[in-house]
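This report walks through strand pairing, core packing and one charged contact. Keep the sequence and the 3D view open while reading.

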Amino acid sequence: MITPFSICWFIKVHGMRLAYVSALAFFAMLLNLHAYFNVTYLNTTVVFNTSTNAHVVEKLGVYVSNTSVNQYVQDRQAFNLTLNDWQKVLGTALLAEHIVGPSSSISKFTLLPGPIIFAQNGGGTAVITFSYNVHNVTTIRNIAPRKFDYTFNDNLFNFEHTAGGQALYPNTRLIMVIPNGAEAISIFPAPDYPLSNYVGNYSNATVFSWYAGEPLSKFQFSYIVTQSLQDEVLTYFNGIYRSYSWLIYLAIAILIIAVAAYAYFSLRR
């Protein structure tokens, strides 16, 4: 028999359960709102050249859930989003320049959020690529005729800070590429790729990789570039041109004025 008392009891007991289940669902929904994206990996590639500058390319792999696909597509179509904007969208601090320091500067920055590659079981993955040029990355020393030592400035690292100094994040790879023909002479810690030969050097290797968790507090990386005779001659004359360019321009201006004056007075005779 249904009585007012039994109705009140039913509402009290099952209402509390319903409120409990609703609260759990609400908090789960809130968690899902913050779990739209998940960073799966970070690759930082530093491409050195024969100056003190380097070109850096960073790739951030991102898992995109079903519920966040539309948001990612909309944000990708908004071409005016900055790096900081994408940090907020993805909820990660990994989307940042990792080769930067107080003694360097950055130029030619580009940001390209890639398309979503959909998975069969739902969701998908995307790669966000950003690149930039960094100045004052290496210190150059002339150690012999046509031989130059390039030493990487390790104070430019901007990775995870630990009690023992900086280290690579989990699922992170650091890649360094030296010019063709250059010779790596000092590397610490030893790269995960390639392995050194039986005498402990890396003959003919130009690409070096370190994987996740590698400590960077005592990082050393230097290589030697042997300049060709042609490059040495060109560098010499370029140096003369830079040093005396104002005299060259002055001589050209004087010559032009002299020719113009000669032509003017010749016509008046």
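Strand S5 spans residues 124-134, and 9 of its 11 residues are buried, so the rest of the structure largely encloses this strand. The model is a predicted one.

**Pairing around S5**

Strand S2 (residues 54-64) runs antiparallel to S5, and 11 bridges join the two. Strand S3 (residues 106-113) also pairs with S5 in the antiparallel sense, over 6 bridges. Strand S4 (residues 117-118) pairs with S5 over 2 bridges, again antiparallel. The table gives one residue pair for each of these strands.

| Residue | Opposite residue in S5 |
|---|---|
| Lys 59 | Thr 129 |
| Ser 107 | Asn 133 |
| Ile 117 | Thr 125 |

S4 and S5 form a hairpin with 5 residues between the strands. Within that hairpin, Gly 122 takes a positive phi near 105 degrees.

**The open sheet**

In what order do the 4 strands of the open sheet lie? The order is S6-S7-S13-S11, with antiparallel pairing. Strand S6 (138-144) and strand S11 (183-188) stand at the edges. Each has a single partner strand, so one side of each is left without a neighbour in the sheet. Neighbouring strands here are turned by 20 degrees against each other on average, direction ignored.

S11 and strand S13 (residues 220-226) run antiparallel and are joined by 5 bridges. One pair to check is Ala 184, whose bridge partner in S13 is Tyr 223.

**Core packing**

In soluble globular proteins, nonpolar side chains tend to be buried together. Here the largest nonpolar core has 48 residues. Phe 48, Leu 174, Met 176 and Phe 221 touch the most other members.

Leu 174 is worth a look in the viewer. Leaving out residues up to four places away in sequence, Leu 174 touches Thr 44, Val 46, Phe 157, Phe 159, Leu 168, Phe 208, Ser 209, Trp 210, Leu 216 and Phe 219.

**The salt bridge**

How many salt bridges does the structure hold? The count is 1. The side chains of Arg 141 and Asp 149 meet in it, at 3.9 Å from N to O. Are its two residues buried or exposed? Arg 141 has 47% relative accessibility and therefore counts as partly exposed. Asp 149 has 5%, so this residue counts as buried.

Note on methods. Residues numbered from 1 in each chain as written. Predicted model: local features only at pLDDT ≥ 70, side-chain atom pairs only at ≥ 80, totals over all residues. Heavy atoms only, no water. Salt bridge = Lys/Arg side-chain N within 4 Å of Asp/Glu carboxyl O. Buried < 20%, exposed > 50% of the residue type's maximum accessible area, 1.4 Å probe, protein only. Pairing = 2+ DSSP bridges. Axes fitted to C-alpha atoms, helices over the stretch in contact; angles between N-to-C directions. Core = buried A, V, L, I, M, F, W, Y, C linked by side-chain atoms within 4.5 Å. Contact = heavy atoms within 4.5 Å.
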